[in-house]
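Please look over the sequence and the model below before reading the report.

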Amino acid sequence: MSTPIATRRVVVSNPQGIHARPSGQLVKTAGGFASDIVVRNLSNGAEANAKFLLEVMTLIATKGSELEFEARGDDADAAVAALAALVESGFGES
């Protein structure tokens, strides 16, 4: 049986991009899921484990950056949905 995989693309909409506070929110949300989660900044090619703060902060995701979340595990669909919703909400900053 294969491991479920889910992906989702979103565009960063908050004016300051993904700085320290949004990075923390993203990591906290990702940490609530068992799946392995990778986030890619498709605008610059950077990639990070969504559960590690220092990695997420290296994405340099500014307003307008396109991100892709890829989760592998039994809760992959829920994980990418929750992370996409967080980004789409502007991390409460928009």
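The report goes from the overall fold to the core and then to a surface patch.

This is a predicted model, in which local features need pLDDT of at least 70 and side-chain atom pairs count only at pLDDT 80 or more, while totals for chains, interfaces and linings use all residues. Residues are numbered from 1 along each chain as its sequence is written, and side-chain values use heavy atoms, with hydrogens and water left out.

The protein chain has three helices and four strands, which follow the pattern β-α-β-β-α-β-α along the sequence; helices (H or I, at least four residues) and strands (E, at least two) are DSSP runs, numbered from the N terminus. Buried residues (under 20% relative accessible area, with exposed over 50% and partly exposed in between, 1.4 Å probe, protein chains only) make up 41% of the 94 residues.

The largest nonpolar core, a set of buried Ala, Val, Leu, Ile, Met, Phe, Trp, Tyr and Cys residues joined through side-chain atoms within 4.5 Å, has 27 residues, and those with the most contacts inside it are Leu26, Ile37, Leu67 and Phe69. The elements in the table each give two or more residues to this core, and the largest share, seven residues, comes from H3.

| Element | Residues |
|---|---|
| Strand S1 | residues 5–11 |
| Helix H1 | residues 20–31 |
| Strand S2 | residues 36–41 |
| Strand S3 | residues 46–49 |
| Strand S4 | residues 66–72 |
| Helix H3 | residues 76–88 |

Leaving aside neighbours within four places in sequence, Leu67 is in contact with residues including Arg8, Val10, Val39, Ala61 and Val87, where contact means heavy atoms within 4.5 Å.

Leu53 lies in helix H2 (residues 53–57) and is partly exposed, with a relative accessible area of 37%.
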